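Trainee: I'm new to this one and would like to go through it slowly with you. Could you put it up first?

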Amino acid sequence: MIDKKYLILVPDGMADYPIKSIGNKTPLMAANTPNMDLLSKKGLLGLAKTVPDGMEPGSDIANFTIMGYDPKYFAGRGGLEAASIGVTLNNNDVAFRCNFITIKDEVLEDYSADKITDKEGKILIEKLNRSIGARYKVEFYQGKSYRNLMVVRDCPELIQVECTPPHNIIGRKIDDYLIKSSQSVRLNKIMLESGSILEKSNVNIERIRNKKRPANMIWLWGQGKKPDISTYKELYKIDGSVITAVDLIKGLGIYAGLEIIDVPGATGYIDSNLLNKAKYALKSLKNKDFVFVHVEATDEMGHEGDLEGKIKAIERFDKEILGEILDGLGEFKEFSILLLPDHPTPVEYRVHTSDPVPFIIYDSKSTVSDGIKEFNEESAKKGSFGLVMANKLIKLLLNR
Ligand SMILES: [Zn+2]
């Protein structure tokens, strides 16, 4: 262990666009954020490009680059989710996200099968393994609710097939969105055959009786491999932890060799116990060098288009995460903080965008600062770092 402590704090999707109804301010400008502003005044600012051109602005790639990894090593969502549910992948294996969905008249009605329970999901996954799994030599693994995984061993070429996320095609005919490519025959057969197997299951008969949408098909998408990356220990000789309620980010942390800390009451939603996350982060620094704290509530409010909710989530992040952490960090001799959202989730668009995001780096021992009084999308443009690729930030944080 080294004397100095390092922190990365990520309010997911916090960045936004100016909004007319609040005087052309962004939610971050409108929110009362004394702690971020304090850090801004004493630290150095800039804009970070977290998503490379031509890539979808997912939280997966954005947090991958924030953790310091070159985007060229990003190997898809499936590999990260596999790690988070404890499935080990070899270099040539491909993991697909396998949603339970509801189909009605060949149209995708629900990408989550009415948020099917884990108990029901377990029965259906076992059924799939016995039938389709054995027939097509694939493995199904249960995740949470409708979010499961299908692993194909020794078939690296499958990484290239083109899949469609089911939440993007609600209300559309599934035939138009089956997987396209020469490799896809087996995958499409698996999806289509799952329908007749799942339909007959008692779980679904019972669901229909209780007026719940059945899980009457699986949908494969978001495939990924094990990313070929080194751990923080190997790269920087530091030990650290990750605090998040989101599986993708847990998976990333596992590949980075970081400890995943489960915090009681952390839900990934607006009701999340943020104060507890801050307390666990501080506790983890007693015997580790580094902690990555991720908060999802800001992103959720963006997706819901809830302006007031987003402002409130930002204020809670400022007080209950940053404020609490700054209070507790006093006991350590020296520390450095990198704070930034992973991407914007503008409330007026309700989806992620790829614009560069504002960031602050604050070093408790540094005597230089930009003296910028407020932290937001506009003020960060005046920061001395200028525009930085997000995977370079880790070296600025660690001062290497
Ligand atoms: Zn995100």
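Trainee: Is Asp-12 buried or exposed?

Mentor: Asp-12 counts as buried, because its relative accessibility is 0%; buried means under 20% relative accessible area, exposed means over 50% and partly exposed lies in between, with a 1.4 Å probe and protein chains only. Before we go on, keep in mind that this is a predicted model, in which local features need pLDDT of at least 70 and side-chain atom pairs count only at pLDDT 80 or more, while totals for chains, interfaces and linings use all residues. Residues are numbered from 1 along each chain as its sequence is written, and side-chain values use heavy atoms, with hydrogens and water left out.

Trainee: OK, and which protein donors does the zinc ion have?

Mentor: The zinc ion has Asp-12 (OD), listed twice, together with Ser-59 (OG), Asp-342 (OD) and His-343 (NE2), and these donors lie 1.9 to 2.5 Å from the ion. Donors here are N, O and S atoms within 2.8 Å of the metal (3.2 Å for Na, K and Ca), and water is not among the atoms, so sites may look incomplete.

Trainee: How are those donors spaced along the chain?

Mentor: The donors of the zinc ion follow the spacing D-x46-S-x282-D-H. Asp-12 sits in the loop between strand 1 (4–11) and helix 1 (27–30), and Asp-342 in the loop between strand 11 (334–339) and strand 12 (357–363), so this pair ties together parts that are 330 residues apart in sequence. Helices (H or I, at least four residues) and strands (E, at least two) are DSSP runs, numbered from the N terminus. Asp-342 also counts as buried, because its relative accessible area is 0%.

Trainee: And where is Ser-59 found?

Mentor: Ser-59 belongs to helix 3, and it counts as buried because its relative accessibility is 14%. Leaving aside residues up to four places away in sequence, Ser-59 touches Asp-12, Asp-342, His-343 and His-352, where contact means heavy atoms within 4.5 Å. The side chain of Ser-59 also makes a polar contact with the side chain of Asp-12, at 3.4 Å. A polar contact is a pair of N or O atoms within 3.5 Å; within protein, one must be able to donate a hydrogen and the other to accept it, and residues adjacent in sequence count only if both atoms are side-chain atoms.

Trainee: Switching topic, how many cavities of 30 Å³ or more does a search of the whole structure find?

Mentor: The search finds one, and the largest cavity has a volume of about 50 Å³. On a 1 Å grid over the protein atoms alone, a cavity is a set of points where a 1.4 Å probe fits but cannot get out, whereas a pocket is an open set with protein on both sides within 12 Å along at least five of seven lines, and lining residues have an atom within 4 Å of a point. Grid points are joined across faces, edges and corners, and a volume is the space filled by probe spheres set on the points.

Trainee: Which element gives the most to the lining of the largest cavity?

Mentor: Strand 6 does, with three residues. The lining of the largest cavity includes Glu-81, Ser-84, Lys-144, Arg-147 and Asp-247, and the elements that give two or more residues to it are helix 4 (77–84), strand 5 (139–144) and strand 6 (147–152).

Trainee: How many residues of helix 4 are buried?

Mentor: Six of the eight residues of helix 4 are buried, namely Gly-78, Gly-79, Leu-80, Glu-81, Ala-82 and Ala-83. What covers them includes helix 3 (59–66), strand 3 (94–104) and helix 9 (247–255). Just after helix 4, Gly-86 takes a positive phi of about 85°.

Trainee: Which residues other than glycine have a positive phi?

Mentor: Among them are Asp-154, with phi near 50°, and Lys-237, at about 55°. Asp-154 lies in the loop between strand 6 and helix 6 (185–199) and counts as exposed, because its relative accessibility is 60%. Lys-237 is in the loop between helix 8 and strand 8 (240–243) and counts as exposed at 66%.

Trainee: Last one, what is the volume of the second largest pocket?

Mentor: The second largest pocket has a volume of about 240 Å³. Of the 13 residues that line it, the closest to its centre are Gly-68, Tyr-69, Asp-70, Leu-235 and Tyr-236.
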